[in-house]
Amino acid sequence: MYAVGVDLGATNVRAVIGDDTGMIVGRASARTPQGPTAEVITHAVLDVVRDACRNAAIEPSSTVGAGIGSMGAIDRDTGTVGLSSNLGNGEELLKPISLVDPLAALLETDAVVLHNDTLAGAIGEHHHTHPDVDSLVYLTISSGIGAGVISSGRPVLGADGNAGEVGHMTIDADGCLPCGCGAAGHWEAYCSGNSIPALARLLAAGDEGGSEDENGHKDEDEDENENRHTETALPLESDKLTAAEIFEHAGSDPLATRVVDRVAELNVLGMGNVINAYAPAVVSVGGAVALNNPSLVLDPIREQIESQLVVQTPEIACSGLGEEAVLQGALRCAFASVDGIGDGGGIDG
Ligand SMILES: [Zn+2]
C-alpha cells in the first residue's frame with residue numbers, strides 16, 4: 001500500500017511515493033513556477049506527482065491517498081493555498097492555488113490532506129525521530145522561518161490551519177529591517193536565509209538598533225566610512241551575496257563573524273519565545289540555514305537559551321529527517337487520513 005507525500009515550497013515542489021513505514025519507492029521534483037497564475041502551480045504539483053508515480057512504477061490511482069505540506073496560507077475548507085510572500089512577483093496576490101481537489105481527482109481518492117509545510121515537518125519529526133515525546137516544535141530556518149507544533153500529541157492547527165508563523169514575531173521593536181509580510185522587525189527579516197545578506201549590509205552601515213547618523217540618513221560615502229569599523233571582503237553591493245557565503249566566512253571575515261554572532265543572539269530571542277509559548281520537550285530544527293551550519297546556528301542557541309526560559313529547557317537538535325521532514329510528514333498524514341485517525345484527534349487533527 002503506497003501513498004503520496006508532497007512538499008510545495010517557494011523554490012521547489014517535491015513528491016514521494018512511500019509506504020506506511022516511510023520507505024520511499026519513487027520520487028520527483030521540479031522548480032516551483034514563479035507565476036503568472038495559480039493554475040501553473042497546481043499543474044506543476046500534479047506533474048511532479050505523476051513523475052514520482054512513474055518512477056515508482058505505480059499508477060496514480062493505485063495510491064491510497066496523499067498528504068501535502070505547503071508554503072503559504074492554508075485554507076483547509078477549500079483545500080487551497082494563498083500565495084506566499086516568499087514566492088516571486090509578490091506584489092500581485094494571485095487567486096488561491098487549488099491543491100486538494102485536483103490531487104484527489106488525479107489519485108481517484110478523497111484521502112488528500114493539506115497542512116502547512118512546517119506542521120507537516122513537525123508530524124514527520126514526531127513520528128520518525130521523536131516518537132517518545134508528546135510535545136515537540138519543528139522549527140525551520142531556511143528562506144523563511146516558521147514552526148510546526150505538536151502539543152500533548154496533537155498538531156496545533158489554529159483556527160485555520162496556519163498556526164506556527166513564528167518567523168513573524170517581533171524581535172526588534174525598532175524594526176530596522178522590513179519583513180516580506182510588510183511589517184518590520186520580525187525574526188524572519190533578520191535571520192532567514194533570504195534576510196541575512198540584508199542584515200550584513202545593515203551592520204556594515206552601522207544602522208542596526210535604530211542608531212542613525214547625524215543627518216538621520218546615510219549615503220554611499222558614509223557607507224564606506226562605516227565599513228572601516230568592521231572590515232569585510234564580502235561583496236556587500238552584490239545582490240548575489242548569500243547567507244551561505246556569509247556563514248562560510250564566519251571566523252575569518254570580521255563582518256561575516258559579526259553577522260553570524262548577531263544572528264545567533266536574535267535566534268536565542270526567537271527560540272526563547274517559541275519555547276516559552278509551547279514548552280516542548282524537543283525543538284527539532286530544520287531548513288537549509290540550520291542544516292548546512294548546524295554548529296554555527298545551534299551551538300549558540302544551546303549555550304544561551306536558558307537565560308530566556310521560564311519553562312523546562314528542551315532538547316534542541318537538528319532535524320533527524322533533514323530535508324525530508326516535510327515529505328515524510330506529508331506521507332504520514334496521507335496514511336493517517338486513510339486510517340481515519342484524523343477524525344479521532346490524531347495526527348491529522
Ligand atoms: Zn513578517
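A cavity here is a set of grid points where a 1.4 Å probe fits but cannot get out. Keep that in mind as we walk through this predicted model, since one such space is where the tour ends up.

**Start with the whole chain.** Show the protein chain as a cartoon and color by secondary structure: you will find eleven helices and 13 strands. Switch to a surface next. The chain exposes about 15000 Å², with carbon and sulfur atoms supplying 46% of that area. Color by burial, and buried residues come to 52% of the 349 in the chain. If you draw a contact map, look away from the diagonal: among contacts with a separation of 6 or more, 64% join residues 24 or more positions apart.

**Now go inside.** How many cavities of 30 Å³ or more does a search of the whole structure find? There is one, and the largest cavity holds about 30 Å³ of space.

**Select the lining.** Pick D19, D20, T21, G22, H127, H128, Q328, L331, R332 and F335, and show them as sticks; these residues line the largest cavity. Two elements each give two or more residues to this lining: α3 (117-128) and α11 (325-339).

**Highlight α11.** Which element provides the largest share of the lining? Helix α11 does, with four residues.

**Finish by coloring by chemistry.** Recolor the sticks by residue class, and the lining of the largest cavity divides into two nonpolar, five polar and three charged residues. With the sticks still on, you can set that mix beside the α3 and α11 ribbons that contribute to the lining.

Terms used: Residues are numbered from 1 along each chain as its sequence is written. This is a predicted model: local features need pLDDT of at least 70, side-chain atom pairs count only at pLDDT 80 or more; totals for chains, interfaces and linings use all residues. Side-chain values use heavy atoms; hydrogens and water are left out. Buried means under 20% relative accessible area, exposed over 50%, partly exposed in between (1.4 Å probe, protein chains only). Contact means heavy atoms within 4.5 Å. Accessible areas come from the Shrake-Rupley method with a 1.4 Å probe; for residues, only the protein chains shown count as cover. On a 1 Å grid over the protein atoms alone, a cavity is a set of points where a 1.4 Å probe fits but cannot get out, and a pocket is an open set with protein on both sides within 12 Å along at least five of seven lines; lining residues have an atom within 4 Å of a point. Grid points are joined across faces, edges and corners, and a volume is the space filled by probe spheres set on the points. Ala, Val, Leu, Ile, Met, Phe, Trp, Tyr, Cys and Pro count as nonpolar, Asp, Glu, Lys and Arg as charged, and the others, Gly among them, as polar.
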